[in-house]
Amino acid sequence: LGIDTSCDETAAAVVADGREVLSNIVASQVETHQEYGGVVPELASRKHIEAINYIVSRSLAEAGVTFKDLEAIAVTNRPGLIGALLVGVAAAKSLAYCHNLPLLGINHIEGHIYAPFLALLASQNLLSCLTVSGGHTLLVEVHEGWQYKVLGSTQDDAAGEVYDKVAKYLGLGFPGGKVIDDLAQKGNPSAVKFPRPMRNTDDYQFSFSGIKTSVRYFVEKARRAGLLVENGQQDIAASFQAAVVDVLVYKSLRAVKATGAAAITLTGGVAANSHLRASLKLAAAEIGAEVYYPPMNLCTDNGAMIAGIAYQKYQQGLRDGLSLNATPKGSIF
Ligand code: KG4
Ligand code: ZN
């Protein structure tokens, strides 16, 4: 059983042998946070408390198992909103205690990195993984034995965070990723030349706040001039998306070339982005690298990815690692 309450989704799933997703239940809190234009941590915690028991029960029922069939319980204990994490960890602790099951604390980012290995990828020779979500943007080298090397990460905002902010500037609601993705498909990606921060730096770091600010000023100016008609919105969305995806794809490809990785995996909420998926595939094909991304419901936050990586760690001997939001010795995330 894998549980994740790190942000605004209450999630529980049952996974067999680290591969087969028997159930994957997610209660989204989007409606609760929508009117505030972002996740309100205290509200997230309260909503998790309301949902957690039901979501866990449903995950067992849908998998057709009871607690007696489980081998272990895993829960995300870092990183995330502290109050939100606390709810999942408290629930998992109680369940493990009551049912006398081992309990494993799992890093949320390791969960995202594992998502493509649920059903999709079997082996795990060296590969590069681009993890892009509302809270994280990381390029990671994944080695045999679930060892990781972080090549680079964002120096400021996460890619998803910037999508959400830009949607806010355009008055498109929250969260912004999918709306901008859809709108961008009707717009001209070359209409506005937004900056590509750190694209050409000699490393694997990212920076997105400059793009965000640039879009903000552009939108304010266009609005003042009365130019923000529908086409304008589409063009801004497409041009903004082109800038973000350009940098992500360029640096990911650089990593693949430099490390000799045979494949690149794409995961996290922004991995649902149609332009990112298509561009990365196209660019990778040119250098003969494979691209793997999990289905949408495994890209965004879920319990299956937590159960999956927990199974692998359990095989390696991990039995708890549970102190809340603490980074264990040797952890690189
Ligand atoms: O992984 P996730 O569910 O939660 C975090 O751990 O952050 O990612 C959520 C993020 C949000 O910022 C959302 O706007 C973004 O993923 N997202 C997208 C798309 N779908 C979701 N961003 C771009 N294009 C999409 N289609
Ligand atoms: Zn996430």
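Are His108 and His112 buried or exposed? Both are buried, where buried means under 20% relative accessible area, exposed over 50% and partly exposed in between (1.4 Å probe, protein chains only).

This is a predicted model, in which local features need pLDDT of at least 70, side-chain atom pairs count only at pLDDT 80 or more, and totals for chains, interfaces and linings use all residues; side-chain values use heavy atoms, with hydrogens and water left out. Residues are numbered from 1 along each chain as its sequence is written, while chains are lettered from A and ligands numbered from 1 in the order in which they are written.

**The zinc site**

His108 and His112 sit in helix H4 (residues 108-114). They are four residues apart, about one turn of the helix. Helices (H or I, at least four residues) and strands (E, at least two) are DSSP runs, numbered from the N terminus.

Which protein atoms are donors of the zinc ion (ligand 2)? They are His108 (NE2), His112 (NE2) and Asp301 (OD), at 2.0 to 2.2 Å from the ion. Donors are N, O and S atoms within 2.8 Å of the metal (3.2 Å for Na, K and Ca); water is not among the atoms, so sites may look incomplete. The sequence spacing of the donor residues is H-x3-H-x188-D.

The site of the zinc ion (ligand 2) is irregular, with angles of 94 to 145° among its four donor atoms. Four donors count as tetrahedral if all angles lie between 85 and 135 degrees; four count as square planar and six as octahedral if opposite donors are over 155 degrees apart and all others between 65 and 115; anything else is irregular.

**Two buried residues**

Pro116 lies in the loop between H4 and strand E6 (127-132). Its relative accessible area is 0%, so Pro116 is buried. Beyond its neighbours within four places in sequence, Pro116 contacts Leu121, Thr265, Thr267 and Pro294. Contact means heavy atoms within 4.5 Å.

Ser252 belongs to helix H8 (residues 230-259). Ser252 is buried because its relative accessibility is 0%. Leaving out residues up to four places away in sequence, Ser252 touches Leu130, Leu139, Ile264 and Leu280.

**Helix packing**

Helices H5 (residues 159-169) and H7 (residues 209-224) pack at about 10°, and their axes are 10 Å apart. H5 is therefore roughly parallel to H7. Axes are lines fitted to C-alpha atoms, for helices over the stretch in contact, and angles run from 0 to 180 degrees between N-to-C directions. Angles under 35 degrees count as roughly parallel, over 145 as roughly antiparallel, 65 to 115 as roughly perpendicular and the rest as oblique.

From H5, Val162, Lys165, Val166 and Tyr169 meet Lys212, Val215, Arg216, Val219 and Arg223 of H7.

**Backbone details**

Most residues other than glycine have a negative phi, and most peptide bonds are trans. Four places in this model read otherwise:

| Place | Backbone value | Location |
|---|---|---|
| Arg78 to Pro79 | cis, omega near -25° | Pro79: loop between strand E4 (73-78) and helix H3 (82-98) |
| Phe174 to Pro175 | cis, omega near -10° | Pro175: loop between H5 and helix H6 (177-184) |
| Asn100 | positive phi of about 55° | loop between H3 and strand E5 (103-107) |
| Trp146 | positive phi near 55° | loop between strand E7 (137-143) and strand E8 (147-153) |

Is Asn100 buried or exposed? Asn100 is exposed, because its relative accessible area is 71%. Trp146 is buried, at 10%.
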